[in-house]
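Trainee: I've got a few things to ask about this one. Let's pull it up and go through it together.

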2 protein chains.
Amino acid sequence: MKTYLDCYPCFLRQALDAARLAGADEQQQKAVLDRICDVLKSIPSSSTPPQIGDQVHRVVRDETPGGDPYLSLKEASTEKALRLYPRMKELMAEADDPLDVGIRLSIAGNIMDAGPNRDYDLWDTVERVLAQPFAVGDGPALREALSGTGRVLFLGDNAGETVFDRVLIESFDVPVTYAVKGGPALNDATRDDAVAAGLDNVADIVDTGLDAPGTILDQSLERTCSSHFRRLYDEAELVIAKGQANYETLSEEGPKVFFLLQAKCPIIARDAGVPVGSILVKRGEAR
Amino acid sequence: MKTYLDCYPCFLRQALDAARLAGADEQQQKAVLDRICDVLKSIPSSSTPPQIGDQVHRVVRDETPGGDPYLSLKEASTEKALRLYPRMKELMAEADDPLDVGIRLSIAGNIMDAGPNRDYDLWDTVERVLAQPFAVGDGPALREALSGTGRVLFLGDNAGETVFDRVLIESFDVPVTYAVKGGPALNDATRDDAVAAGLDNVADIVDTGLDAPGTILDQSLERTCSSHFRRLYDEAELVIAKGQANYETLSEEGPKVFFLLQAKCPIIARDAGVPVGSILVKRGEAR
């Protein structure tokens, strides 16, 4: 998905949020915004939003020394989600269709996103998503693909959401490789976040080799996933990709990719042709 | 009121909205945003939001030839408000306290703002504001000031809102000078808009001499009200100032100014110490 002009104000807002989260003073916040203005002016029309988000959050980390602004938010998110883990396992045990419930739980977890909005109630979201009709419902195709594959490459998204993904993965009969980010990128899960969620017990954890949101595959770019990860991706028969940033970077990568997400931002919703707040199991399209 | 960093993303969004309203194509929209990025980088910390808004909307007018992007929106707003005029006059005729109802109607009309949000129902807003407690209630001081003055200088805000102001002004015993903008500035009322609202029958209409939102008085600035208007302002005993932009430019201009507004944006709400959506009759403070 290309970066729409509507994304520009949102990048400024995200940068300001992140700078404040990092404890930046007013002057540092202003320095961040000034540099983001330069970033926005130089966006090539082919860039996806996560590529710009990557630049935005590197500026924030650069201007506000003190490490990863999202670290404590990520740790708190994982703890919060882990407290719901027993209730989610009960739901799964009672489910007539565990795959459907598992997919819905994994999508519910996608609310734990520090980008568009941090104001939500987690269990309310679970209950909403359990009852909500799919705006795009490629679940049957995903079910069929799952039954015919020897392994799933599962592209994670945010810390905390990892716990919801774990519940889904525990319901699979097929082994899973779970991909996290190679370093801090917004509140996206890294290896530490995946381990804290207990994913190392149910999946092989790999990283994309890149500390950027989404999954950037274009090897001609300076900031792209490692060739090791790229090989894994190319060889995968079935990819489950969580969240908006993976949708934004991979939406045209073909039918082996299934996106599980909530459309939280109006621009992605418009791109996918659904209302804001929709839940989607969406099969990828060819470029 | 100073420009907060939170205003930066909002200026980008407003510029994009305005450019689209002006019929700009994607490339023109991008050119507008690029120039706004430069504007944002060069904001002096002392600037008020209307001073930046002034620059933003001049960039839009400059990059998207075709006149005033808000012209048809303004005309439609005035017509919409005029259709409610008879109902408002009925409310006034039945009112136990016409000044209170008139002030509330004038504040209700302040919803007609193309800046923060264009999505509202006009009569719903009237009914809400008629029943809503004032978050800041300097109405008694305004009543007293009105009874002791020979003339009111009334600083208008948006086209359409002008009709609501007319209803309030028609309830006054004291003559009114109604100030409009000297040229197109967002959806702010100009002389034409005031005349279309019928204000020329109930007030002397003057203009600020400047096509910028709010009321910029600092004569050391290049973009400032005319010295003719400045003299009117200085000589006024009582000033009623409508809307957010007048609050942003005049909030520290002393106790002869009474602000009538809805706090529609979170930054102004925080500055005034009230929740978003509040209605205010607020007396000005000394610098």
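Trainee: How many bridges join β2(B) to strand β5 (residues 238-242) of chain B?

Mentor: Keep in mind that this is a predicted model, where local features need pLDDT of at least 70, side-chain atom pairs count only at pLDDT 80 or more, and totals for chains, interfaces and linings use all residues. Residues are numbered from 1 along each chain as its sequence is written, while chains are lettered from A and ligands numbered from 1 in the order in which they are written. Strands (E, at least two residues) and helices (H or I, at least four) are DSSP runs numbered from the N terminus, and two strands pair if DSSP finds at least two bridges between them. β2(B) and β5(B) run parallel, and the number of bridges joining them is 4.

Trainee: Which residue in β5(B) stands opposite B:Leu153?

Mentor: Start from β2(B), residues 152-155: B:Val152 and B:Phe154 point one way, B:Leu153 and B:Leu155 the other, and all are buried (20 or more other C-beta atoms within 10 Å of a residue's own, against 12 or fewer for exposed and partly exposed in between, with C-beta atoms placed from the backbone). That fits the usual pattern: in a regular strand the side chains alternate between the two faces of the sheet. Opposite B:Leu153 in β5(B) stands B:Val239.

Trainee: And the β3(B) side: which helix does the chain go through from β2(B) to β3(B)?

Mentor: β2(B) and β3(B), residues 176-180, are parallel too, with 4 bridges, and B:Val152 stands opposite B:Val176. The β-α-β crossover is right-handed, that is, clockwise along the path from the first strand over the helix to the second, with the strands pointing away from the viewer. The helix on that path, residues 161-170, is α8(B).

Trainee: Zooming out, which strands stand at the edges of that sheet in chain B?

Mentor: The sheet is open, with mixed pairing, and its 7 strands have the order β1-β7-β6-β5-β2-β3-β4. Each edge strand has a single partner, so one side of it is left without a neighbour in the sheet. The edge strands are β1 (136-137) and β4 (204-207) of chain B.

Trainee: What angle does the direction of helix α5(B) make with that of β6(B)?

Mentor: α5(B), residues 98-109, packs on the sheet and touches β5, β6 (257-262) and β7 (279-283) of chain B. Axes are lines fitted to C-alpha atoms, for helices over the stretch in contact, and angles run from 0 to 180 degrees between N-to-C directions. Here the angle is about 60°.

Trainee: Over to chain A: are α4(A) and α8(A) roughly parallel or roughly antiparallel?

Mentor: α4(A), residues 71-94, and α8(A), residues 161-170, pack at about 25° with their axes 8 Å apart. Angles under 35 degrees count as roughly parallel, over 145 as roughly antiparallel, 65 to 115 as roughly perpendicular and the rest as oblique. The pair is therefore roughly parallel.

Trainee: And α4(A) with α5(A): what is the handedness of the crossing?

Mentor: These two pack at about 160°, axes 10 Å apart, and are therefore roughly antiparallel. A:Ala81, A:Met88, A:Leu91 and A:Met92 in α4(A) are among the residues named in the packing, meeting A:Pro98, A:Val101, A:Gly102, A:Leu105 and A:Gly109 in α5(A). A crossing is left-handed if the near helix is turned anticlockwise from the far one by less than a right angle, and right-handed if clockwise. For α4(A) passing α5(A), it's right-handed.

Trainee: What about A:Leu186: buried or exposed?

Mentor: A:Leu186 is in the loop between β3 (176-180) and α9 (191-196) of chain A. Its phi is positive, about 50°, although it is not a glycine. With 28 C-beta neighbours inside 10 Å, A:Leu186 counts as buried.

Trainee: Last one: which element gives the most to the side of chain B that touches chain A?

Mentor: 14 residues of chain B are in contact with 14 residues of chain A, where contact means C-beta atoms, placed from the backbone, within 7 Å. The elements of chain B giving two or more residues are α1 (7-21) and α2 (26-41). With 7 residues, the one that gives the most is α2(B).

Note on methods:
Two residues are in contact if their C-beta atoms, placed from the backbone, lie within 7 Å.
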